[in-house]
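Colleague: Please display the model for me. I should then like to put some questions about it.

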Amino acid sequence: MKLTYLGHSCFSVAAGGKTLLFDPFITPNPLAAHIDINAIQADYILLSHGHADHVADAAAIAKRTGATVIAPFEVGNWVARQGVDKVQHMNHGGKIHLDFGTVKLTNAIHSSSLPDGSYGGNPAGFLVTANGESFYYSGDTALTCDMKLIGDSTQLKFAVLPVGDNFTMGYEDALIAADFVKCDQVVGVHYDTFPPIKIDHDKAIKFFHQAGKTLHLPKIGDSLNF
Ligand code: NI
Ligand code: MN
């Protein structure tokens with residue numbers, strides 16, 4: 001599975017012959033100014049919750065690519081109101097079977113409201129499986145024991161976890177989360193975009209390394225193969 005980092009919590013994963021795009025926030029992100037949103041491909045766009053730093057470019061990319069948006073119920077309603085035709089509404093604990101594999105909506109401890117102020121339901125993460133390989137994206141969340149359920153049920157190739165602190169867990173708690181989900185390969189997201197979430201990259205990478213795990217902090221636009 002190939003992951004491409006697009007800044008903040010936005011990344012795409014090529015899995016099962018399809019391209020899955022997560023939490024698109026590109027045009028408002030000065031750090032991602034070199035990313036052309038018109039060049040981004042997507043068969044599916046997965047939204048973890050309704051905050052603008054996760055949904056800003058979702059409708060525009062969905063309309064251009066014809067991608068199906070997968071989102072928690074209330075976030076899906078907002079996306080549909082933006083004129084997106086193909087929306088797959090989900091709720092926590094539910095799993096759907098798609099042409100490339102399965103998607104399960106997992107718990108997250110955070111909040112969720114849409115850019116127009118409407119109610120966003122509860123925030124979520126995703127457990128994705130394609131061709132017998134799985135990865136987990138936690139979405140914006142605190143460290144939570146619920147993550148142990150994922151580690152107990154599913155062997156992960158990699159996990160995508162927030163590491164920026166302040167609005168989500170920081171990298172210290174993300175290391176515990178990696179233990180809970182039993183995964184040694186972590187891609188850090190949700191850091192550096194805003195002053196309160198700036199992190200010391202070397203310190204965070206060393207913190208994981210000393211525990212025998214790898215924290216990947218790819219440059220925006222770079223890809224990793226798992
Ligand atoms: Ni958020
Ligand atoms: Mn966020």
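Colleague: Which residues lie on the two faces of strand 11, and are they buried or exposed?

Modeller: In this predicted model, helices (H or I, at least four residues) and strands (E, at least two) are DSSP runs numbered from the N terminus. Buried means under 20% relative accessible area, exposed over 50%, and partly exposed in between, with a 1.4 Å probe and protein chains only. Strand 11 spans residues 158-162, and 5 of its 5 residues are buried. Both faces are covered, with every one of these residues buried: Ala-159 and Leu-161 on one side, and on the other Phe-158, Val-160 and Pro-162.

Colleague: Which pLDDT do local features need in this predicted model?

Modeller: Residues are numbered from 1 along each chain as its sequence is written, chains are lettered from A and ligands numbered from 1 in the order in which they are written, and side-chain values use heavy atoms, with hydrogens and water left out. Totals for chains, interfaces and linings use all residues, side-chain atom pairs count only at pLDDT 80 or more, and local features need pLDDT of at least 70.

Colleague: What is the bridge partner of Phe-135 in strand 11?

Modeller: Strands of a sheet pair through backbone hydrogen bonds, either parallel or antiparallel. Two strands pair if DSSP finds at least two bridges between them; strand 10 and strand 11 are joined by 3 bridges and run parallel. Opposite Phe-135, the partner in strand 11 is Phe-158.

Colleague: Why is one side of strand 7 and of strand 13 left without a neighbour in the sheet?

Modeller: These strands belong to an open sheet of 7 strands with mixed pairing, in the order 7-8-9-10-11-12-13. Strand 7 (95-97) and strand 13 (214-216) stand at the edges, so each of them has a single partner strand.

Colleague: Which residue in strand 10 stands opposite Ala-130?

Modeller: Strand 9 (residues 124-130) and strand 10 (residues 133-137) run antiparallel and are joined by 5 bridges. The residue that stands opposite Ala-130 is Glu-133.

Colleague: By what angle are neighbouring strands turned against each other in the sheet with the order 6-5-4-3-2-1-14?

Modeller: This open sheet of 7 strands has mixed pairing, and strand 1 (residues 2-5) pairs with strand 14 in the antiparallel sense over 3 bridges. Axes are lines fitted to C-alpha atoms, for helices over the stretch in contact, and angles run from 0 to 180 degrees between N-to-C directions. With direction ignored, the average turn between neighbouring strands is 20°.

Colleague: Which protein donors does the manganese ion (ligand 2) have?

Modeller: Donors are N, O and S atoms within 2.8 Å of the metal (3.2 Å for Na, K and Ca); water is not among the atoms, so sites may look incomplete. Along the chain, the donors of the manganese ion follow the spacing D-H-x85-D-x49-H. Lying 2.2 Å from the ion, they are Asp-53 (OD), His-54 (NE2), Asp-140 (OD) and His-190 (NE2).

Colleague: Which residue bridges the manganese ion (ligand 2) and the nickel ion (ligand 1)?

Modeller: The two ions lie 3.0 Å apart. Asp-53 in helix 1 (residues 52-55) is 87 residues away from the residue in question, which sits in the loop between strand 10 and helix 4. Both residues are buried. The bridging residue is Asp-140.

Colleague: What is the phi of His-190?

Modeller: His-190 is in the loop between strand 12 (185-189) and helix 6 (201-209), and its 1% relative accessibility counts as buried. Most residues other than glycine have a negative phi, and most peptide bonds are trans. His-190 has a positive phi, near 60°.

Colleague: How far apart in space are Ile-26 and Asp-53, C-alpha to C-alpha?

Modeller: Ile-26 is in the loop between strand 3 (18-22) and strand 4 (44-46), and counts as buried at 2% relative accessibility. Ile-26 and Asp-53 are 27 residues apart in sequence, while their separation in space is 8.8 Å.

Colleague: Is Asp-165 buried, partly exposed or exposed?

Modeller: Asp-165 lies in the loop between strand 11 and helix 5 (171-180), and has a positive phi near 65°. Its relative accessibility is 40%, so Asp-165 counts as partly exposed.
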